[in-house]
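Visitor: Please take me through this structure feature by feature. For each one, give the general idea and then the case at hand.

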Amino acid sequence: MVDEATKRSLAQIPLLKTKAGPRDGELWVTRLKEEYQSLIKYVQNNKESDNDWFRLESNKEGTRWFGKCWYIHELLKYEFDVEFDIPITYPTTAPEIALPELDGKTAKMYRGGKICLTDHFKPLWARNVPKFGIAHAMSLGLGPWLAVEIPDLIQKEIISHKGRADEK
Amino acid sequence: MATIESLQKKIKELEAQLQKERNEKQQINRPKITQMSSEVVDSNPYSRLMALKRMGIVDNYEKIREYTVAVVGVGGVGSVTAEMLTRCGIGKLLLFDYDKVELANMNRLFYQPHQAGMSKVEAAEKTLKEINPDVEFEVYNYNITTMDNFNHFMERIKNGGLKEGEPVNLVLSCVDNFEARMTINTACNELGQNWIESGVSENAVSGHIQFIIPGETSCFACAPPLVVATKTDEKTLKREGVCAASLPTTMAVVAGFLVQNTLKYLLGFGDVTYYLGYNALQDYFPSMTLRPNPQCDDNYCKKQQQAFQIKEATKPKVEKTEEKVEEIVHDDNVWEIQLVSETTEDELREADGQVPNLVEGLKVAYTTPAPTQASNEKTVDSTEKSLDELMKEMQGL
Ligand SMILES: [Zn+2]
């Protein structure tokens, strides 16, 4: 189940209109513009509510995304690289968000540092094709994942406050 | 300190040992066999397979050498699948995977600890060539779901047969995620390529295979993923601290189903199964045929359906014996759809979409609502800004 805070912030993210993936030429450009608009609004919302937690950018084709995300725990900032590819089946299937530097450090990941999403994510995504975009995947996927996993990794001393993943 | 003499002696010993190992290895690698023989001698690796002909099970077993199969994903199911096909003497295998062998894979079959760190396709090709040098291989160490690789993947499915330029005979999906399955579905719908989907559940106690003939049977996008119901309460399924479990047993059973169906389809014996589920907890095997969804989300699926209808209409009528075909119908939750865990009652109520008519023991993983008119939904505004401007704006935040 999605918590109330996530639900509220999710409701504020503008929905997308164009059902197009990277193989759809001009339509993909339209979709990509919508992705950026939606992401810009989401980051602005986060800043306004004092909950700024990631930056993303893409290659010019919009097929590969990378950036930073961070999590504040006991006033200390833990920052990680984030990256993902847009699959050719997007937006029918969601992007698989990865935090490569945490690969192998938690069982809540698949190979390559792809985060393991809760069971509600896929049905929720499937019901909202094509309205959900990258901003929604961040909000529903990565946000809750960080909130659960990062405090756990800190507590187990697998990551240190410099935000770098150190070997124990 | 060792003396030079003692070191030289040691080198000689090691060289001799190496030569011995090499000689032994050479003897194991048998030469290629040009023609499958049914002669029962202990040096003939095909005698027991060719016996299927004498027993009247298969008309022409040697034909297996004319076939090409693409195995996508060579993990727990795919590696065993590829090994079975190799031992059966398949003509050619195409293997796709982007993963490396890890020690964490050792609860499954096929790979060995000394292969850790190698790419799975490379390790698999090496082992399989040793088992059967008659099989031809083409292996690709990449992720099929990305733009760059997808086009190449499609091209190899279309042209990678035994004779370059001919399509493969069958694609076997042995991947472990929804994205890759959808990718294979997309490619096969576009190419009109027959394929078999396979899967093992994340709790390792159920699995399935599904034969997809584009236009004729339900494709992977025609309905939400099907789930073999085991009498465990999915809502209480504990996922604390892990993503997925796996058992070599369930994976081997599913690989066995997959290759059995492949052999029956390619060599034309027995009945080819369209959907076969495996509930490992109660040993229940639901089986059915699923027709495609005329409203499928995949446009190529719809095109293939039209093509199939036309082909069927021109065919002379042949009375087929009691083939049970289930149609996708719209219905309101009569199958006691249990949604996956953590789904709220709200989501359940609004998720009143299309559900295929399923046999007992099968359910859909979730349902999707029929498209609704967006009324008060907040969507992105139309913008005059160019993509470049938006990208800069994002970077400037
Ligand atoms: Zn379909």
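Visitor: How many residue pairs are in polar contact between chain B and chain A?

Guide: There are 15 such residue pairs between chain B and chain A, with both residues at pLDDT 80 or more. The confidence limit applies because this is a predicted model.

Visitor: Which elements give two or more residues to the side of chain B that touches chain A?

Guide: They are α5 (147-159), α6 (178-191) and α10 (387-395) of chain B. By class, this side of chain B has 19 nonpolar, 18 polar and 16 charged residues.

Visitor: How is the size of an interface expressed?

Guide: The size of an interface is often given as the accessible area lost when the parts come together. Here, about 4,800 Å² is buried between chain B and chain A, and carbon and sulfur atoms give 59% of that area. V380(B), M394(B) and L397(B) supply 16% of the area that chain B buries against chain A, more than any other three residues. The contact takes 53 residues from chain B and 56 residues from chain A.

Visitor: How many salt bridges does the rule find across the interface of chain B and chain A?

Guide: The rule finds five across that interface. One of the salt bridges between the chains joins the side chains of K122(A) and E179(B), at 3.7 Å from N to O. In another, the side chains of K19(A) and D297(B) meet at 3.5 Å, N to O. This pair crosses between chains: K19(A) is in the loop between α1 (4-11) and α2 (26-48) of chain A, and D297(B) is in the loop between β9 (287-288) and α8 (299-314) of chain B.

Visitor: Are K19(A) and D297(B) buried, partly exposed or exposed?

Guide: The class depends on relative accessible area: under 20% is buried, over 50% is exposed, and partly exposed is in between. K19(A) has 39%, so it counts as partly exposed. D297(B), with 44%, is partly exposed too.

Visitor: How many salt bridges does a search of the whole structure find?

Guide: Over all chains, the search finds 31. Among them is a bridge between the side chains of E66(B) and K63(B), at 3.2 Å from N to O. E66(B) is partly exposed at 47% relative accessibility, and K63(B) is partly exposed at 32%.

Visitor: How does spacing along a helix bear on such pairs?

Guide: An α-helix has 3.6 residues a turn, so residues three or four places apart point the same way. R87(B) and E83(B) are a case in point, since both lie in helix α3 of chain B, four residues apart, about one turn of the helix. Their side chains meet in a salt bridge of 2.8 Å, N to O. R87(B) has a relative accessible area of 47% and is partly exposed. Elsewhere, salt bridges that share partners join K92(B), E138(B), E155(B), R156(B) and E164(B) into one network.

Visitor: What span should helix α7 of chain B have, and how far apart are its end C-alpha atoms?

Guide: The helix covers residues 248-267, and at 1.5 Å a residue its 20 residues should span 28 Å. The end C-alpha atoms are 28 Å apart, which agrees. The buried residues of α7(B) include M251(B), V254(B), L258(B) and K264(B). The buried residues of this helix pack against β1 (68-72), α3 (78-87), β4 (170-173), β5 (195-200), β6 (206-212) and β8 (275-279) of chain B. Just after α7(B), G268(B) takes a positive phi of about 65 degrees.

Visitor: What is the general expectation for phi and for the peptide bond?

Guide: Most residues other than glycine have a negative phi, and most peptide bonds are trans. E157(A) is not a glycine, yet it has a positive phi of about 60 degrees. E157(A) is found in the segment after α4 of chain A, and it is exposed at 57% relative accessible area. F110(B), also not a glycine, has a positive phi of about 80 degrees. F110(B) lies in the loop between β2 (92-96) and α4 (120-131) of chain B and is buried, with a relative accessible area of 12%.

Visitor: And where do P91(A) and P130(A) lie?

Guide: P91(A) is in the loop between β3 (76-85) and β4 (109-110) of chain A, and the peptide bond from Y90(A) to P91(A) is cis, with omega near 0 degrees. P130(A) is in the loop between α3 (121-127) and α4 (134-155) of chain A. The peptide bond from V129(A) to P130(A) is cis, also with omega near 0 degrees.

Technical notes:
Residues numbered from 1 in each chain as written. Chains lettered and ligands numbered in written order. Predicted model: local features only at pLDDT ≥ 70, side-chain atom pairs only at ≥ 80, totals over all residues. Heavy atoms only, no water. Contact = heavy atoms within 4.5 Å. Buried area = accessible area lost by both parts, 1.4 Å probe. Salt bridge = Lys/Arg side-chain N within 4 Å of Asp/Glu carboxyl O. Polar contact = N/O pair within 3.5 Å; in protein donor to acceptor, adjacent residues only side chain to side chain. Nonpolar A, V, L, I, M, F, W, Y, C, P; charged D, E, K, R; others polar. Expected span 1.5 Å × (residues − 1). Buried < 20%, exposed > 50% of the residue type's maximum accessible area, 1.4 Å probe, protein only.
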